[in-house]
Every structure is written in C-alpha cells, then in structure tokens.
Amino acid sequence: MHSAVDRRELKNAMARVTLERRHTAGCELLPDRGHLLDEMPKGAVAAEIGVAFGDYTREIMNRTDPARLFLIDAWATERYREGLAKIRSDWAGEIDAGRIVIEQGLSTDVLPTLAPASLDWAYIDTNHAYQTTLEELELCRTLVKPGGRIAGHDFCTGNVIDAVPYGVVEAVAKFCHDHDWGFRFLTLETRGHFSFCLEALA
Ligand SMILES: C[S@@+](CC[C@H](N)C(=O)[O-])C[C@H]1O[C@@H](n2cnc3c(N)ncnc32)[C@H](O)[C@@H]1O
C-alpha cells in the first residue's frame, strides 16, 4: 500500500503532456470494451498482454474470431498464478492448433521476441504503471502492422478502492505526443475502468 506522499511522488514522476485537437479528432466513444472488440478486424493476428484467467480472452475469441492470438502474461503472483492452468484447459484445442499461442513472461521481455509488424492489434492490460505502460506501447508500435491498432485497459487515474495510482493516461498521452498517434476509440464503462484504442495519425 502506498502512502499519500508515495502516491503523489509516483504521479509527479510521470510526464505531463498536453494533447492537441488532432490527437482526439478521430475518436469515437463506445459504451464498453466488448463493443471495442466489435470494431476490431475479424480473422486478425492479435495479442492480449495481461491475460489473468482469460475473461477478456473469451470475449476476444467470440467477438473477433482471430486467426492467431498471442496471450502474454507473467502469471507469477499468487493472485493470478492459477490463470495459466485455466487458460491451458479452456483453450487446449486452439493451443494445439497453434491458433492461441501462450507466452509466459514479463511483457517487456516477451514483446521484443515477437516478429516486427506481425500484429493487427494489441490490447495492454498488465500492471498499469507508467513506465511499464510506456514501454509496452513503444514495443507494440514496432509489432503492429501499418494501420494497426494499440488498445488497452484501465485508462483511468488509478484504483480508488486500494489507492493505487495508475500511469496509463499519462503514458498514452506521452506516446501519442511523441509518435503522432491518436485516439480511435475510447470506452465509457460506468464503473470508470475505460479502455483506449490508438492508431497512427496520417
Ligand atoms: C488485470 S489482469 C488482466 C485481466 C485480463 N486482461 C482480463 O480482462 O480478463 C493483469 C494481468 O497482468 C499480469 N501482469 C502484470 N504485470 C505484468 C508484466 N509486467 N508482464 C506480464 N504480465 C503482467 C498479471 O499476471 C495479471 O494476470
């Protein structure tokens, strides 16, 4: 648990970037991240980064019917460790067929091992820390094909129940500013755990 001073220091260490109108001009609001999947290409090559027990994996499979889905997760903590066995059991047929590919490890270790420009889209949902999210965004930029999308969960300032500051909003803003990417979709879940989806501008 972070103290209030720690939380302020964490927030102060994140870049403060102001976006311009062009970064948001092409953005459409959606009611939730399920609808975001309906906007993703069908039969695509995709990656879910941060998988846990596979709740969103099932949505991805049902709503986008991917040709190949990479599932990347450390599955290292007590809270999430058993997720890997569940995924292996739930999707045994798809894993055997090579349609689902499991990559266990830290996102920042696994992502550099994937082929450049091999993904149509990626969805980031790991620890939501500023540095991790920024690194994941940077790595995903080299992995998505031209015209590809980078999406992710918890586009909000933090977990208000456990008082954990997130860096997703700040990292996404810095990434858009530095690389001229913009928002294509933003979801507006009524519990405040929004998802973003970005595309390269121009
Ligand atoms: C919030 S859960 C993912 C939930 C899932 N996307 C869903 O919507 O059902 C976060 C997951 O990210 C994983 N994780 C956290 N930090 C990570 C990192 N740096 N690299 C890889 N996985 C990480 C955890 O093991 C956990 O399973």
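**Exercise 1. Polar contacts of the ligand**

How far is a nitrogen atom of the ligand from an N or O atom in the side chain of glutamate 48? Find this distance in the predicted model, then add the contacts of arginine 33 and aspartate 73.

*Solution.*
- Step 1. Start at glutamate 48. An N or O atom of its side chain lies 2.9 Å from a ligand nitrogen.
- Step 2. Go to arginine 33. One of its polar side-chain atoms is 2.8 Å from an oxygen atom of the ligand.
- Step 3. Go to aspartate 73. Here a side-chain N or O atom and a ligand oxygen are 2.6 Å apart.
- Step 4. Apply the cut-off. A polar contact is a pair of N or O atoms within 3.5 Å. The glutamate 48 pair, at 2.9 Å, therefore qualifies.
- Step 5. Check the cover. On its own the ligand has 600 Å² of accessible area, and the protein covers 86% of this.

**Exercise 2. The shell around the ligand**

Determine how many residues surround the ligand, and sort them by class.

*Solution.*
- Step 1. Count the shell. It holds 17 residues.
- Step 2. Pick out the closest. They are Arg33, Gly50, Asp73, Ser107 and Asp125.
- Step 3. Sort by class. The shell has 7 nonpolar, 5 polar and 5 charged residues.

**Exercise 3. The largest pocket**

Describe the space that the ligand takes.

*Solution.*
- Step 1. Identify the space. The ligand takes up the largest pocket.
- Step 2. Give its volume. This pocket holds about 1000 Å³.
- Step 3. List the lining. It has 34 residues; nearest the centre are Tyr80, Asp125, Thr126, Asn127 and His128.
- Step 4. Assign elements. Helices H4 (55–64), H7 (107–110) and H8 (130–143) each give two or more residues, as does strand E3 (68–73).
- Step 5. Sort by class. The lining counts 12 nonpolar, 13 polar and 9 charged residues.

**Exercise 4. The second largest pocket**

Characterise the second largest pocket by volume and lining.

*Solution.*
- Step 1. The volume is about 160 Å³.
- Step 2. The lining has 13 residues, with Leu10, Met14, Ala129, Tyr130 and Pro165 closest to the centre.
- Step 3. H8 and strand E8 (164–165) are the elements that give two or more residues.
- Step 4. The classes are 8 nonpolar and 5 polar, with no charged residues.

**Exercise 5. Cavities**

How many cavities of 30 Å³ or more does the whole structure have, and which residues line the largest cavity?

*Solution.*
- Step 1. The search finds 1 such cavity.
- Step 2. The largest cavity has a volume of about 40 Å³.
- Step 3. Its lining consists of Ile124, Asp125, Thr126, His128, Thr133, Glu136, Gly152, His153, Val168 and Phe196.
- Step 4. By class, 3 are nonpolar, 5 polar and 2 charged.

Note on methods: Residues numbered from 1 in each chain as written. Predicted model: local features only at pLDDT ≥ 70, side-chain atom pairs only at ≥ 80, totals over all residues. Heavy atoms only, no water. Near = heavy atom within 4 Å. Polar contact = N/O pair within 3.5 Å; in protein donor to acceptor, adjacent residues only side chain to side chain. Areas by Shrake-Rupley, 256 points an atom, 1.4 Å probe, with all protein chains shown as cover. 1 Å grid on protein atoms, 1.4 Å probe; cavity = no way out; pocket = protein on both sides within 12 Å on 5 of 7 lines; lining within 4 Å. Sits in = over half its atoms within 2 Å of the grid points. Nonpolar A, V, L, I, M, F, W, Y, C, P; charged D, E, K, R; others polar. Points joined across faces, edges and corners; volume = space filled by probe spheres on them. Helix = DSSP H or I, 4+ residues; strand = E, 2+ residues; numbered from the N terminus.
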